[in-house]
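Reader: I would like a close look at a single helix and at what surrounds it. Please keep to what can be read from the coordinates.

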Amino acid sequence: MTTATQVDAAGGVFTPEEVVGGRWKEAFRRLRRNPLAILGALLVLTFLLVAAFAPLLAPHDPNAQLQIGEVRPDYIPGSSPGFPLGVDNLGRDELSRLLYGSRQSLLVGVVSTILGLAIGMTLGCLAGAFGGRVDNVIMRITDLMLSIPGLLTAITISVILGQSLTSVMIAIAIVNVPIFARLLRGSMLSQRESDYVLAARSIGLPRRKVVLSHVLPNSVGPVIVQATLTLATAIIDAAALSFLGLGNQDDSRPEWGAMLSDAQNYLEIRPALAFYPCIAIVLAALGFTLLGEALREALDPKFRR
Amino acid sequence: MLRFVVRRLLQLIPILFGLSILLFAWLRLLPGGPASALLGERATPERVAAINRAYGLDQPIWVQYWRYLQRVIRFDFGESITDGRPVTQVLLDQFPGTVELTIAALLFATVVGIPLGYFAARRHGGALDGVSVVGSLIGITIPVFFLAFLLKYVFAVRLGWLPPSGRQDVRIDATHITNFFVLDGLLTREFDASLDAMKHLILPAIALGTIPLAIIVRITRAAVLDVVNEDYVRTAEAKGLTIAVIRRRHVLRNAMLPVVTIIGLQLGLLLSGAILTERVFAFPGIGQEIADSIFNKNYPVLQGSILFIAVLYVLINRVVDVLYGVLDPRVRVR
């Protein structure tokens, strides 16, 4: 964001941004001092590493029914040597399935957030930059989308698109589009009134240039915060959809929501099978939430000391 | 005032219109088209053609939309493909359960949330304040289904204090007039049936009510903190009013404005959150019906339920909006 001004440093010319270190540098400095942000970052980092190295970390093949002989209708073996978290109802190693499950959650979270961000920001930018009729049409569409509860929209879209992980990702992305669009628009509208925009206009910069290199970069803060928080809700929503029987139906690719859905039939004989995926979902979501909230505080001038 | 109400209600028309188009498009977009969705596994080319003729699916799209609109206005959403009941009947059977659950959850959230938020604000910076701030953050992050499982396991499976599933004990032979089980028990004087229905509501209501609870605590706390520093509170103090009167008439009353809006907004969200809670507790309401319909590919019921909840959500939000204007004259000016 600040690359253009940093180059000047060699020439000895200090822009105002360099004096205070730039908005993002400043925010990053404050993030490092916030213990909750550190906790969030550690959770997110663990989540990313587990997803990346699941095959190395997992003690067993997540689909091998290693202990199927031990499973009886009224008994599922718990922790035993080699199976620290026990096995599921089909005798597969629970820990390995949990570790592999992080990949699906990460995939859904990241893809649906980026997709929602791309569409939402495009719409929000069009509305914020052009105003008038374009703005009106886009805002009425977002009004309509926001007038239906997100979970219902997500269910509807994933049913229409058929049961697959892709349709869940698209569904969650679409639910988040109006949120991103409105945020960016609102943020851009408030920036448009700033003095620096007036200055940029008065030196005769074309509108495209003013919007893309002045208004937009200064408006993305709240959207980035929201995107971090959306990563958390996307992970929870994906689990919820999969818990309702939508989404990935391929049992050979473990998914936390589907594991939870399976486990509820065994709540009385082995409740841990329901709690492990729940805890995994909460930790992953909590990481992104803490990071997002801390980022919001770090970027918000009200919290600046 | 009247103008404000009428304008707000007129704004509903485009939203409802958009909703109807959305759900109409849904039927068209279903995998294999509406006919095979209706027939399910019994679909053969001849049957599909027959259905297409019978339902006018071979007509131009705008004729189809017009007919669809006419049917929706008469609450005709077709029939369930699992048992042939009209979708409207399914909704009437299931909806009272969801309403009971939603009201119970909202009661829990407000009755606990408002005092908690209020006292947290009064002891600003104290231990209770800290607990409520951290607690509400956790309450917002924890997914509904996690809490539902936890409650169900601890209080139903482990301790056996409360029933793990359903709306009423199957052994109770209760008369159902309205399908609101708690109300039915009271009306027919079968108080044990009513009490049993209430016991079935406790765990799902707490699970469903926790997110609204967390939000209500946060909003109440923030609103009270805002209000106590207002000039009119200082004036009231200067006039020599007793603390109790100031708190009741000046602080609480003004602080409640944002809280009322939030409660209204939560009511709509609870309706959709109920889908997950009902599934965990096998609680027969609309949410359970939606989950079952997804599993059975029972599209008419799924579509009817979603349209029903969506319309209800829109209407509730609009009513809250209007009520807010009634409560707070400043809103009307906008």
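Author: What follows takes one helix of chain B, then its surroundings. The model is predicted. The helix is α8 of chain B, residues 144-158. Its 15 residues reach 20 Å from the first C-alpha to the last, close to the 21 Å expected at 1.5 Å a residue. Even so, α8(B) bends by about 30° at B:K152. Just after the helix, B:G160 takes a positive phi of about 70°.

Which residues of α8(B) are buried? They are B:V144, B:F145, B:F146, B:L147, B:A148, B:F149, B:L151 and B:K152. B:K152 thus appears twice, as the site of the bend and as a buried residue. The cover over the buried residues comes from both chains: it includes α12, α13 (256-263) and α14 of chain A, together with α10 and α12 (243-280) of chain B.

One of the buried residues, B:F145, also belongs to the largest nonpolar core, where it is among the residues with the most contacts inside that core. The others named with B:F145 are A:I155, A:I172, A:I235, A:I281 and B:I216. This core has 156 residues. Helix α10 of chain B, residues 191-228, gives the most to it, with 18 residues; α10 of chain B is also part of the cover over α8(B). In soluble globular proteins, nonpolar side chains tend to be buried together.

On the chain A side of the core, A:I172 can be followed further. Beyond its neighbours within four places in sequence, A:I172 is in contact with A:V108, A:S112, A:A154, A:A234, A:D237 and A:A238.

Two of the helices covering α8(B), α12 and α14 of chain A, come up again where the chains touch. The contact takes 30 residues from chain A and 32 residues from chain B. On the side of chain A, α8 (150-161), α12 (221-243) and α14 (272-299) each supply at least two residues, and α14(A) gives the most, with 7 residues. That side divides into 23 nonpolar, 6 polar and 1 charged.

As for chain A as a whole, it has 14 helices and 0 strands. Its C-alpha atoms fill a box of roughly 80 × 45 × 30 Å along the principal axes. Of its 305 residues, 45% count as buried. Among contacts in chain A between residues at least 6 apart in sequence, 69% join residues at least 24 apart.

Conventions: Residues numbered from 1 in each chain as written. Chains lettered and ligands numbered in written order. Core = buried A, V, L, I, M, F, W, Y, C linked by C-beta atoms within 7 Å. Buried ≥ 20, exposed ≤ 12 C-beta atoms within 10 Å, placed from the backbone. Helix = DSSP H or I, 4+ residues; strand = E, 2+ residues; numbered from the N terminus. Contact = placed C-beta atoms within 7 Å. Nonpolar A, V, L, I, M, F, W, Y, C, P; charged D, E, K, R; others polar. Expected span 1.5 Å × (residues − 1). Bend = angle between axes of the 7 residues up to and from the residue.
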